[in-house]
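Here are some short exercises to help you find your way around a new structure. Try each task yourself, then read through the solution.

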Amino acid sequence: MSDVILSEVRDNVALITFNRPEALNAINLEVMDALISTVAKYDADKNIGCIVLAGSEKAFVAGADIKEMVDKSYMEMFLVDKQSDWEKFAATRTPMIAAVSGYALGGGCEIAMMCDMIFASDTAKFGQPEIKLGVIPGWGGTQRLTRAVGKAKAMDMILTGRMMDVDEAERAGLVARIIPADKLLEETMKAASKIANYSTPSVLLGKETVNRAFESSLAEGIKFERRVFYSLFATNDQKEGMEAFAAKRKAQFKNR
Ligand code: CAA
């Protein structure tokens, strides 16, 4: 049984930890397959309400495994088209939080950006340094970084290969929260648990509706939001949530 990633469930939150310390958690094919299948397993599990991805203190993930890729030919890359497996990962319905400490470079930054939000420690460093290797980001970095931080900073990062520290990443909109390194996992798990304990239909639809903002015009996005908002009035959890507020008690969501 491979241990390149570790996974465990704490109540209704799944925690997946990259575990290739000798390579700063670089993602080879074994890690990629293990990660994508483990996330798919948790996504299908109705008892899991949030997934957290974490690395070590030194590195979330230092990128795709360069040593594994060095001898690949164009035809191998094109015909196998392994990178498209990330579409499955990015299509995960369950909310995913990346807890980033240390390096999130290349594919590491791209995996963090495929999650729904990034919580980062004060030691986190983000970058797309592929230009130094004679390539460009290949797991969505040119698109997701540009949407997250805008053209000016994305161009700067991708064409110079420089790293962003956590303050710059938070100012630029890449990072949701900065947390001291020794509290990162605890605080991320707390937020994940909070999400996992809300009504699942509203969490799933909230995520889907935010993501719509990246795929549609403002008018279409607003219309989509309104349809989804109305649809939630068909759930028991909407009644429960609003009745609980009026009665000054805690809502007991049943995910129906
Ligand atoms: N692939 C394979 N091995 C890697 C790796 C990577 N992305 N990143 C680090 N490692 C390995 C190193 O080769 C080293 O192994 P050895 O001990 O066997 O020599 C070990 O991890 C420790 O790394 P360093 O000794 O380099 O550690 P450091 O603290 O001196 O430097 C670092 C840290 C700045 C992150 C440096 O390791 C580095 O620059 N790594 C590469 C970052 C990078 O270029 N990432 C992009 C990869 S390409 C990509 O991701 C394409 C894509 O879009 C999908």
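**Exercise 1: The ligand shell**

Task: Sort the residues of the shell around the ligand into nonpolar, polar and charged.

Solution: The shell divides into 12 nonpolar, 4 polar and 6 charged residues. Here Ala, Val, Leu, Ile, Met, Phe, Trp, Tyr, Cys and Pro count as nonpolar, Asp, Glu, Lys and Arg as charged, and the others, Gly among them, as polar. Altogether 22 residues surround the ligand, where a residue is near if one of its heavy atoms lies within 4 Å. Lys58, Lys67, Gly107, Glu110 and Glu130 are the closest.

A word on the model: it is predicted, local features need pLDDT of at least 70, side-chain atom pairs count only at pLDDT 80 or more, and totals for chains, interfaces and linings use all residues. Residues are numbered from 1 along each chain as its sequence is written, and side-chain values use heavy atoms, leaving out hydrogens and water.

**Exercise 2: Polar contacts**

Task: Find what lies 2.7 Å from an N or O atom in the side chain of Lys58.

Solution: Start with Lys58: the partner is an oxygen atom of the ligand. A polar contact is a pair of N or O atoms within 3.5 Å; within protein, one must be able to donate a hydrogen and the other to accept it, and residues adjacent in sequence count only if both atoms are side-chain atoms. Next, a polar backbone atom of Ala62 is 3.0 Å from a ligand nitrogen. Finally, a ligand oxygen is 2.9 Å from a polar backbone atom of Gly138.
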